Structures are given as structure tokens and as C-alpha cells.
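Trainee: I'd like to learn how to read a fold feature by feature. Could you walk me through one?

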Amino acid sequence: MMLVASALASSLLLSPGPQEVESPVAVDEVVVSARQLDEQVSSFVRDISVPDFNLNVARWHRDMCVSVVNMQNDVAQYIIDRVAEVALEVDVKPGDPGCSANVTVIATANANETTGEIVNRYRNTLLPDVSGARRSRQALERFAESDLPVRWWHISILIDPDTGQAASRMQNGHITGEYAVGHESDGLKSIVDFPSVEVRSTNLRSGLRSDLASAIIILDMEKVAGISVPQIADYIAMIALTRVNMDADYSDYNSVLSLMTDKDILGLTEWDMAFLRSIYSADLTHKLKSHQMAELRYLMAERQIRRPLKRQEQVDAKEVP
């Protein structure tokens, strides 16, 4: 499914037992203990994830095709190329030249007006009436009315991982339904009449996965003034590749997501890439979102992240009690 065509121009955290002694890792005079890593990984995964019980962790399982609207050609191409480069690092295939966009980046001087027009025209598309994919109307209104320099909206669909068929969830162990989307005349392609699919679920596995289908990213050009193109390209890559909580406070994180409050962040950090690599290596067919989150925490902790998550902790981290 393409949402927006280019026309829209137990955790097994590494907590040691009481009898164990933590082994700090020293890197460039910074020491991160196992306990600190556990706590910081849990904090990052919790804050970055969209706090919607209906939405499982989602990632791309198809080519990701990026379109950048209202920017100079060389700048737009740089962003597209950089997002593709990061995508390849987590084994997401970028779309071929001329592909139909499923990630649309729109630069505008009137972000609220632009976003409001998109929301009003494509409301049914942005809020698909499908269990496991539909977000709240309140979340959509926050997207429309946000005063953030960058805002975004993702659409995901439920997929049978064995067949690749899309479907909506029902209570009787099967999935079926219809997906209400816009019309071809609006520049949108529709998926209608999902097939019925037998779900081979267990107590732990749902038999379905959540795939990202499209994303809209709105840049308020007045508010991102002073941020370099490489910085904004990395920021876009982070929020294009996974569904990130738009409302979280990232201001004290060693993450590209703190870029809007700290322009010294040069781009994607060790924490950002650890999160993305964990998303794209995790088993996301867990029935409970909490189990998916636990696996992400475990996979991130396994990556032996070396630097503290929060910048103000770097001085304190040099000394391990």
C-alpha cells in the first residue's frame, strides 16, 4: 500500500545478581556500568516508543521510497540519498529511481496550514479503520496542531508474515475486513477487501506482524533554520525508519532526536543506531507489545553501548560506585 503519492509533493537486561560484581567499560574516559546501561536502555525504549496500546512496534518490510517536496533539487537528493544509506544499514531496501513514494517529506513555511489541509483531505486514510493500525483522533489532532519544528505521522498495517497478505484483526481467530482509504483521483491508492487469513497464534505469538506502510514528515522551515542539511537528513532517517513518539522530550538525550533543542548533535548517534538495528533484528510477532519492548531492550543491551544515554550523566559515569 502506498499512503501518500508524490503528489502530496523480560527483559533479559544485563542486570547482575546480588553476588556479581559489575564490570565497567572505559571508553574515552567515560565509564558505563552494566546497571547504568540497563536503566538507560529501558528509559530510551520507553520514551521513544509511541504510547498507544493498540499499536505494536512496526518496521518496513518493503522498499522504502522517499520523496522530498519544496526543497532545492540538490538538497532534496542529498536527504533522499542519506535516508537510503541509513536504511541499507538496517537491511531496508530503498526504492528504485522513479518509485512511488511511501515516505513524503514536505518542507513548508506554513506547517500548521499544510498539515491541516492534509488531515482534512485524507482523514480516513490517516486513521484507517483497522484493528492494530488505527491511532486515536486525539493523536491526529496533535499532529495537525503541533508547534514542533518537525512533525510526523506513520501508517502501519497488519500482515500475515507467511503470505505477506494484509488484513484486519477479529476476535474469532481469523482476520478479515476492509481498509477505508482515499481514491485514485486524490493521488492515493486503495486497498479494499482484505482476504480472510487463518491466524496461527499461540499464547505468546499473534501470528501477525505490523508493517510500516507510509509516513508523512512535515518540516517547518522557519523553525529548522540554523540546522545543517546533514543533520536534518539524519533526523529524517531516524523518524522515517521507525514509528517514534513525537511528543516525548528528547532534550537531554545523546540522540539525533534531541537535535531541535541541541544543534551540537551532529547526526545519528550510537544509541539511535542501536535502536534501529534492534528494531530490524527483533521478532515482532509477539502477541503483547510489552514482550516486543522487552526484546528491544534486550537486543539494545546486547549491543554493548559504550556512552551514557543522557549527556549530564557523562561526568558522573566516569566514577563507578
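Trainee: Let's begin with the strands. Which residue in β9 is the bridge partner of Thr104?

Mentor: Keep in mind that we're looking at a predicted model. To read a sheet, follow the bridges from one strand to its partner. Here, Thr104 has Ile216 in β9 as its bridge partner. That bridge belongs to a bigger pattern: β4 and β9 pair in the parallel sense, over six bridges.

Trainee: In which sense do β5 and β9 run, and how many bridges join them?

Mentor: They run antiparallel, and 10 bridges join β9 to strand β5, residues 150-159. One spot to look at is Val150, which stands opposite Leu219 in β9.

Trainee: How should I think about side chains along a strand?

Mentor: In a regular strand, side chains alternate between the two faces of the sheet. As for β9 (residues 209-220), 12 of its 12 residues are buried, so the strand is largely enclosed by the rest of the structure.

Trainee: What does Val150 touch, leaving out residues up to four places away in sequence?

Mentor: A contact list shows you which parts of the chain meet at one residue. Val150 touches Ile217, Ile218, Leu219 and Val224, and also Ile232, Tyr235, Ile239 and Met260. Now zoom out to the largest nonpolar core, which has 63 residues. Val150 is among those with the most contacts inside that core, along with Met64, Ile217, Ile232, Tyr235 and Leu241. Helix α6 (residues 229-241) gives the largest share of this core, nine residues. Apart from it lies another core, of 19 residues, including Ala144, Trp153, Ile157 and Ile218.

Trainee: What lies over the face of Trp153?

Mentor: For that sort of feature, look for a charged group above a ring. Arg135 lies over the face of Trp153, at 4.6 Å from the ring centre.

Trainee: And ring against ring: how many aromatic pairs does the structure hold?

Mentor: Six. Check the centre distance and the angle between the planes. Phe44 and Phe275 make an edge-to-face pair, with 5.9 Å centre to centre and 90° between the planes. This pair links distant parts of the chain: Phe44 sits in helix α1 (residues 34-48) and Phe275 in helix α7 (residues 270-279), 231 residues apart. Phe44 counts as buried at 0% relative accessibility, and Phe275 is buried too, at 3%. Both belong to one aromatic cluster with Tyr250, Tyr253 and Trp271.

Trainee: Which cysteines does a disulfide join?

Mentor: Start from the sulfur-sulfur distance, then look at the torsion. The count comes to one disulfide, joining Cys65 to Cys99 with 1.8 Å from S to S. The torsion about the S-S bond is about 85°, so this disulfide is right-handed. Cys65 lies in the loop between α1 and β3, and Cys99 in the loop between α2 and β4, so the pair ties together parts that are 34 residues apart in sequence.

Trainee: Is Cys65 buried or exposed?

Mentor: Buried, with a relative accessible area of 4%. Cys99, on the other hand, is partly exposed, at 30%.

Trainee: Last one: where is Asp234 found, and what is Asp234 in contact with beyond its sequence neighbours?

Mentor: Asp234 is found in helix α6 and counts as buried, at 8% relative accessibility. Leaving aside neighbours within four places in sequence, Asp234 is in contact with Arg82, Val256, Gly267 and Leu268. Try the C-alpha distances as well: Asp234 and Thr269 are 35 residues apart in sequence and 9.5 Å apart in space.

Note on methods
Residues are numbered from 1 along each chain as its sequence is written. This is a predicted model: local features need pLDDT of at least 70, side-chain atom pairs count only at pLDDT 80 or more; totals for chains, interfaces and linings use all residues. Side-chain values use heavy atoms; hydrogens and water are left out. Rings of Phe, Tyr and Trp (its six-membered ring) pair if their centres lie within 6.5 Å; planes under 30 degrees apart count as stacked, over 60 as edge-to-face and the rest as tilted. Helices (H or I, at least four residues) and strands (E, at least two) are DSSP runs, numbered from the N terminus. Buried means under 20% relative accessible area, exposed over 50%, partly exposed in between (1.4 Å probe, protein chains only). A charge sits over a ring if NZ of Lys or CZ of Arg is within 6 Å of the ring centre and within 35 degrees of the ring normal. A nonpolar core is a set of buried Ala, Val, Leu, Ile, Met, Phe, Trp, Tyr and Cys residues joined through side-chain atoms within 4.5 Å. Contact means heavy atoms within 4.5 Å. A disulfide is a pair of cysteine sulfur atoms within 2.5 Å. Two strands pair if DSSP finds at least two bridges between them.
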